[in-house]
Every structure is written in C-alpha cells, then in structure tokens.
Amino acid sequence: MEWSPKYAANAYIDTLKLCSKQKQMCNSCSGTQEPECNEFLSALAAGMSAKLIVEVTTEGSPSTVALAAAARQTGGKLVCIIPEPKLDKTQKVIQETGLNDMVEFKTGDPVEVLHNYENIDFSLVDCKTNDYDMLMEQLDVNPKRSVVVTNNVEGRKGVGGQLKKMEKVKVRSLQHPIGKGLEVTMIGKSTEFGKKKETKSKSGCYSHLIRGGEKKNGHVVKKGDKSKWVFVVDEKSGEEHIYRMPKSSGP
C-alpha cells in the first residue's frame, strides 16, 4: 500500500466539511476534541489506502464520521463496534452525512466481535473500553502495514506488545498530547511507511502533508493555514514522525 496524497487530502477536506455540518455532535463528544484531530485521523487512514478500518468506541464520536470518510476515499469499509444504547444516534448521524454505505455497525462484546475480522489495516480504539487489554490481544492487524490509534491513553498503557502477529515486524509508537492522550502505533516494514515513488527529500526523508503544499527545506509546507499535520519518515533509520506545524509568523 503506497501513500496516496490524493486520498489523504480528499479525506481531510471531506471530514472537515462533514464535521462542520455535525457541529452539535462534535461539540458534545469527549473522544478526540483537539482541533483538526479527526481530519488527521481520516487523512492518515485514507492516505495509507486502508481497506479494512475498525473503530472500537464507547460512544458516538466525530471520529466515526472521519473514518467513514476515509473508507469512502479508499473504497474500503469501516466496522464500528459500539455499545447498543449509543447505536441509534450514531447511525442517524452517519445517514445524515451520506456515509451509511461505508459503515458496518456492530454491538456486543468488542472482544468477541473482533474474532470476525483479520488483517485490519487501520484501527481506532478507545482505552476506556471494558476489557481493553483483552481487546488489544484480539486485534488482528495487517502485519505488512497497519496503523493502530488509541485515544484516552492518559494514565494508561498504550498498545505496547499486546498485538497479534508482531513477530518479525517492526512496531513503533508515538504518544501525542491531544485530548486525553492519543497514541499512534505503526506496524510493518520500515520501508513500507510513507512509501511514495516520486517524492524524496535531500535529507533522506519521505514527507507527506495531510493537506497539499509547497516543498521547503526537505519538507512540505503550505502557507496561509493556521496549522497542518506532517508525516515524515526517515529513510535511513526507518523512524516515523507525525507532528503538527503551526502557521508561520513570518511573511
């Protein structure tokens, strides 16, 4: 799966528009409240061309809209595992956004539900979920290339070594002070992350901006925006870096 700037950009913009329409829902959720976080998740899932996306959540959240928008870009599917009392409201929001064909809702014990899904490309898991440790042990990720995002990790351990199929593959995690803690874990060969045929910087890094822009000092930047997320992979070390770049105060 090569990185697709087109999918990432389209998913970012789509999520921005859809969450604006569902502003009331976005403001009422306690999941990922940091500005642009949901757009970031959508762009990351779409940019890596994820086909099977799984979200395990304790309540309806704008991240469900974001991941459904990503699935629309990649031609994939979002499986949303959610408590039954929260199902009707979340289904209604997805229908209003026109994304119902992209989402498969599941209720019940998430640990049991996950048995039905293998080689997951992208997953978002709420650490507040009951039996979180057991759930992570059942999460069957794509060993070639996949991403696991956990939110509400503040004061808790993240993914660690709990995932399946972790033999002979590299696992790298980064925690971000977003909301109540967000951890992004990347699994697979280091050469697969950020893979892009035509773009390579002089510093030996591949860089992909969630929103398009111009190249500057080996990275991609875009003027005029308040901030943007940047995904950079160091070709020599294989390390991935995801960071937020604020608007420059200069001219």
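**Cavities, cores and a two-sided helix**

In this predicted model, strands E1 (52-56) and E4 (122-126) each contribute at least two residues to the lining of the largest cavity. That cavity holds about 50 Å³ of space, and the structure has two cavities of 30 Å³ or more. Ten residues line the largest cavity, with Glu55, Thr57, Ser63, Asp126 and Asn151 lying nearest its centre. By character, the lining comprises five polar, three charged and two nonpolar residues.

We turn next to the nonpolar cores. In soluble globular proteins, nonpolar side chains tend to be buried together. Here, the largest nonpolar core has 40 residues, and the members with the most contacts inside it are Ile53, Val103, Phe122, Val147 and Val149. Helix H3 (residues 37-47) provides the largest share of this core, namely seven residues. A second, separate core numbers 22 residues, among them Val56, Cys127, Leu135 and Leu163. Ile53 offers a handy view into the largest core: apart from its neighbours within four places in sequence, Ile53 is in contact with Ala45, Leu67, Ala70, Ala71, Lys77, Leu78, Val79 and Phe122.

Helix H5 (residues 87-96) is a pleasant case to look at in the viewer. Its buried residues are Leu87, Thr90, Val93 and Ile94. These four lie on the same side of H5, because they cover an arc of only 135° around the axis. Asp88, Lys89, Lys92 and Gln95, on the other side of H5, are exposed. Just after H5 comes Gly98, whose phi is positive, at about 75°.

Terms used: Residues are numbered from 1 along each chain as its sequence is written. This is a predicted model: local features need pLDDT of at least 70, side-chain atom pairs count only at pLDDT 80 or more; totals for chains, interfaces and linings use all residues. Side-chain values use heavy atoms; hydrogens and water are left out. A nonpolar core is a set of buried Ala, Val, Leu, Ile, Met, Phe, Trp, Tyr and Cys residues joined through side-chain atoms within 4.5 Å. Buried means under 20% relative accessible area, exposed over 50%, partly exposed in between (1.4 Å probe, protein chains only). Contact means heavy atoms within 4.5 Å. The arc is that of the directions from the helix axis to the C-beta atoms. On a 1 Å grid over the protein atoms alone, a cavity is a set of points where a 1.4 Å probe fits but cannot get out, and a pocket is an open set with protein on both sides within 12 Å along at least five of seven lines; lining residues have an atom within 4 Å of a point. Grid points are joined across faces, edges and corners, and a volume is the space filled by probe spheres set on the points. Ala, Val, Leu, Ile, Met, Phe, Trp, Tyr, Cys and Pro count as nonpolar, Asp, Glu, Lys and Arg as charged, and the others, Gly among them, as polar.
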